[in-house]
Amino acid sequence: MQLLNLNRRLLGAALSLGLMGLTSQAHAVQSTPLPPGYCFTSMATEGISVGNTKFNGVSANDCYGVVGGNITSGGAPILNALNWGPGWTYLDATDEVSAPFNGLKFTVTATPGSTGSWTLTGIDTNGSSPLSFPTFLDFVVGLKGGNKYALWAFDNVIADGSDNGTFNIVFKNNGGMNPDLSHMIIFGRPGSVAAIPEANTSAMLLAGLGLVGFTVRRKLI
């Protein structure tokens, strides 16, 4: 009888350990972050949206994230690999030296905190008045906070060398809080290189295609 009770206790302990293992695996799966995606496909993670970053009062055309790690002045290859097309080059960051671009030099500044405002000023590279402004450019704004970053793309906007915007970091840090801005970074390219998808336009297009498909199906029936 004692041996039988011992076997029962051992069996119960084994089952308990097995259930604990399954529970820990389930928790591990649930805590695994989703891969980053695009806002216009509704696949961006951690609740980011095109309205989190604005340029001269207008929301971004698309956004991408949230990505673990950092993006710096050497991050142009990351952008060129996205669906927004190639041709991106580093312009400036709040914690790095700016780079000349098509005869222009931009400077980005941002207020501290998880929500705030930012400015994008520019001059002709000879240091005189901004003779090359206004100009049409595509911009990507990167927000780095905590151990993550996300990107917002603006398609064919008009920059006059004294532009401004707002930002709102909605993703979380390891403590479950919205982190303060570590740095803001700007990439650019000449306007109209490739159209950046816009969330509302893409949704309307998909809805229209679905309606056409439904109509064709009814005719076939």
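A polar contact here is a pair of N or O atoms within 3.5 Å. The legends below use that term for a predicted model.

**Figure 1. Overview of the protein chain.**
The predicted model shows a protein chain with three helices and eleven strands. Read from the N terminus, the elements follow the order α-β-β-β-β-α-β-β-β-β-β-β-β-α. The chain has 221 residues, and 35% of them count as buried. About 12,100 Å² of the chain is exposed, with carbon and sulfur atoms supplying 62% of that area. Among contacts with a separation of 6 or more, 65% are between residues 24 or more positions apart.

**Figure 2. The open sheet of six strands.**
The six strands are arranged in the order β1-β4-β9-β8-β11-β5, and their pairing is antiparallel. Strands β1 and β5 (89-93) stand at the edges; each has a single partner strand, so one side of each has no neighbour in the sheet. At one of these edges, β1 pairs with β4 in the antiparallel sense over two bridges. Y38 has Y64 in β4 as its bridge partner.

**Figure 3. The open sheet of five strands.**
Another open sheet holds five strands in the order β3-β2-β10-β7-β6, again with antiparallel pairing. Its edge strands are β3 (58-59) and β6, each of which pairs on one side only. Within this sheet, β2 and strand β10 (residues 162-168) are joined by three bridges in the antiparallel sense. The bridge partner of F55 in β10 is G165.

**Figure 4. The largest nonpolar core.**
In soluble globular proteins, nonpolar side chains tend to be buried together. The largest nonpolar core in this chain has 29 residues, of which F106, W118, F139, M184 and I186 touch the most other members. Two or more residues come from each of β4 (62-68), β6 (104-110), β7 (115-124), β8 (135-145), β9 and β11 (181-190). Strand β9 gives the largest share, five residues. Another core, of 18 residues, lies apart from this one and includes V67, I71, A76 and W88.

**Figure 5. Surroundings of V157 in strand β9.**
V157 is found in strand β9, which spans residues 148-159. With a relative accessible area of 14%, V157 counts as buried because that value is under 20%. Leaving out residues up to four places away in sequence, V157 touches F55, T135, F136, L137 and F139. One of these, F139, is 18 residues from V157 along the chain, and the C-alpha atoms of the two are separated by 7.8 Å. F55, also among the residues touched by V157, is the residue whose bridge partner in β10 is G165.

**Figure 6. The salt bridge between K148 and E46.**
The count of salt bridges in the model comes to two. In the pair shown here, the side chains of K148 and E46 meet at 2.8 Å, N to O. K148 is in strand β9, whereas E46 is in the loop between β1 (37-38) and β2 (53-55); the two residues are 102 residues apart, and their pairing links distant parts of the chain. K148 is buried, with a relative accessible area of 16%. E46 is partly exposed, and its relative accessible area is 35%.

**Figure 7. The salt bridge between R189 and D138.**
The side chains of R189 and D138 also meet in a salt bridge, with an N to O distance of 2.8 Å. This pair, too, links distant parts of the chain: R189 belongs to strand β11 and D138 to strand β8, 51 residues apart. R189 is buried at 0% relative accessibility. D138 is likewise buried, at 0% relative accessibility.

**Figure 8. Polar contacts of the R189 side chain.**
R189 has its place in strand β11. Its side chain reaches the backbone oxygen of G85 at 3.4 Å. A polar atom of the R189 side chain also lies 2.9 Å from the backbone oxygen of P86. The side chain that makes these contacts with G85 and P86 is the one that meets D138 in the salt bridge of the preceding view.

Conventions: Residues are numbered from 1 along each chain as its sequence is written. This is a predicted model: local features need pLDDT of at least 70, side-chain atom pairs count only at pLDDT 80 or more; totals for chains, interfaces and linings use all residues. Side-chain values use heavy atoms; hydrogens and water are left out. Helices (H or I, at least four residues) and strands (E, at least two) are DSSP runs, numbered from the N terminus. Buried means under 20% relative accessible area, exposed over 50%, partly exposed in between (1.4 Å probe, protein chains only). Contact means heavy atoms within 4.5 Å. Accessible areas come from the Shrake-Rupley method with a 1.4 Å probe; for residues, only the protein chains shown count as cover. A nonpolar core is a set of buried Ala, Val, Leu, Ile, Met, Phe, Trp, Tyr and Cys residues joined through side-chain atoms within 4.5 Å. A polar contact is a pair of N or O atoms within 3.5 Å; within protein, one must be able to donate a hydrogen and the other to accept it, and residues adjacent in sequence count only if both atoms are side-chain atoms. A salt bridge is a side-chain nitrogen of Lys or Arg within 4 Å of a carboxyl oxygen of Asp or Glu. Two strands pair if DSSP finds at least two bridges between them.
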